[in-house]
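Got your viewer open? Let's take a walk through this one together, one selection at a time.

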Amino acid sequence: MANLIDRAKNILLTPKSEWPVIAVEPDTTSALFTRYILILAALPAIAGFIKGSFIGTSIPFTDATIRVGIGIGLIGAIVQYGLSVLATYVLARVVDALAPSFGGQKNPIQALKTVAYTYTASWIAGVAVVLPWVGVLIGLAGGVYSVYLLYLGLPHTMRAPPDRAGGYTAVIVLLGFLVGIVIGVIGGAISGAASVGAMSQGSGVEIDTGGGGKIRLDEGALGKLEQMAKNMEDAGKRMEDAQKSGDTAAQQAALGDALGTMFGGGEKVETLAPDQLKPFLPETLGGLPRASFNVERNTALGIQMSMGKGRYADAEGARSVDLEVADLGGMSGLTILAGWAMVQTESESNDGYERSYQKDGLRVHEKWDGASRYGTYELVVADRFLVKLEGRGVGMDDLKNAAASVDLSALAALRNEGRDGS
């Protein structure tokens, strides 16, 4: 414990002198986990449990405070802890795979060191969640400082040239952010349960969440996850080959290939132009006239996404539906990982319900709050397009009828538009 405290203190206070020490000391995967990762990763999970079940979360502009039951809080803490450890391992694999592309040297132990000690700031800052208001700022500061630690550490642990550490850091932060989103969505789906008991159900895994709620991971989704992991490993090997060749263009292409694997399952897609999206925002929707709309296409890191939005409302504004039609394009691979896109869930309360399922080749998610008459109805079409309807003052049947006004068949017919070779 004394060694852990010294290491955490030194990496936070004197990182420039501590990283060289970390880089040369011998270590093992099991030792890093048992002596450091498993201990520090528990801190934010414990703090979150105390905050959620004992202190509670205040609702802004009211005197109300929300607390969850101790049982649910414990489950949430356990899930958060387990997924945090998993994220550490996954991101270490990413750090290792990317090393040759930035002039570094692959070494899985050094990669795990990099991520473990980089996360130190975030894990310790996560304890501040128990503090009102300022805790959020401290947590944010911990995340920013972790990025700085990563930047300082890569030249020592992964032998990346200092002039390329910035780009290496930026890519890791981006991919780490995506890993965090994916794992967070999955964790949120599970930790919101009253109890968790997983059991094999023929093809796939079913989790009984108590109170009649269930989450199901089907065999197809699990298979896609396994295939994505294999694709990422293959992309890492191609990056190594490109690095050995010394061809800068080949190295950049290999890096783009790796990003494409992470975002879109290994292919690059040019998303629909705004004019192609506009027909899917009809002038009337479920009997409500269109009040406004906009369509756009944006590009970041060479990956495109197109989005169309329309607002439909009656004259008084008492009934409204917001429609979004998104072409995920090069990010369509994330639909495999998105929580409700890969699982089947079902839960119900006195005020409403939430469920995810597959129907007629579509992935469907619906959520309804009867007290506020607010609901969402979402569809993943052809594993590429996301159609979301958000209603206020209308019923779920109204949202489903409104969805029928969108030509989903025509949208699905565009699934190969802009793909390589089309």
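We'll begin with the whole chain, then visit a pair of helices and finish with the cores.

**Stop 1: the whole chain.** Keep in mind that this is a predicted model. Turn on the cartoon view and you'll have 16 helices and 14 strands to look at. The chain has 422 residues, and 45% of them count as buried. Now show the surface: about 20500 Å² is exposed, with carbon and sulfur atoms supplying 59% of that.

**Stop 2: two helices side by side.** Select residues 29-40 for helix α3 and residues 108-118 for helix α6. How do they pack? Their angle is about 10 degrees, and the axes sit 10 Å apart. Angles under 35 degrees count as roughly parallel, so α3 and α6 are roughly parallel to each other. Next, show side chains: on the α3 side pick T29, L32, F33, Y36 and I37, which meet I109, L112, K113, A116 and Y117 of α6. Sorted by class, this contact has eight nonpolar residues, one polar and one charged.

**Stop 3: the largest nonpolar core.** Keep Y36 selected and add V95, Y168 and I172: these have the most contacts inside the largest nonpolar core, a set of 36 residues. Helices that each supply at least two of its residues include α3, α6, α8 (134-157) and α9 (165-191). Which helix gives the largest share? That's α5, with six residues. Zoom in on I172 and you'll find it touching L91, V95, L98, L150 and L154, leaving aside residues up to four places away in sequence.

**Stop 4: another core.** Finally, select Y353, L362, V364 and V381, which are among the 31 residues of a second, separate core.

Note on methods:
Residues numbered from 1 in each chain as written. Predicted model: local features only at pLDDT ≥ 70, side-chain atom pairs only at ≥ 80, totals over all residues. Heavy atoms only, no water. Axes fitted to C-alpha atoms, helices over the stretch in contact; angles between N-to-C directions. Helix = DSSP H or I, 4+ residues; strand = E, 2+ residues; numbered from the N terminus. Parallel < 35°, antiparallel > 145°, perpendicular 65-115°, else oblique. Contact = heavy atoms within 4.5 Å. Nonpolar A, V, L, I, M, F, W, Y, C, P; charged D, E, K, R; others polar. Buried < 20%, exposed > 50% of the residue type's maximum accessible area, 1.4 Å probe, protein only. Areas by Shrake-Rupley, 256 points an atom, 1.4 Å probe, with all protein chains shown as cover. Core = buried A, V, L, I, M, F, W, Y, C linked by side-chain atoms within 4.5 Å.
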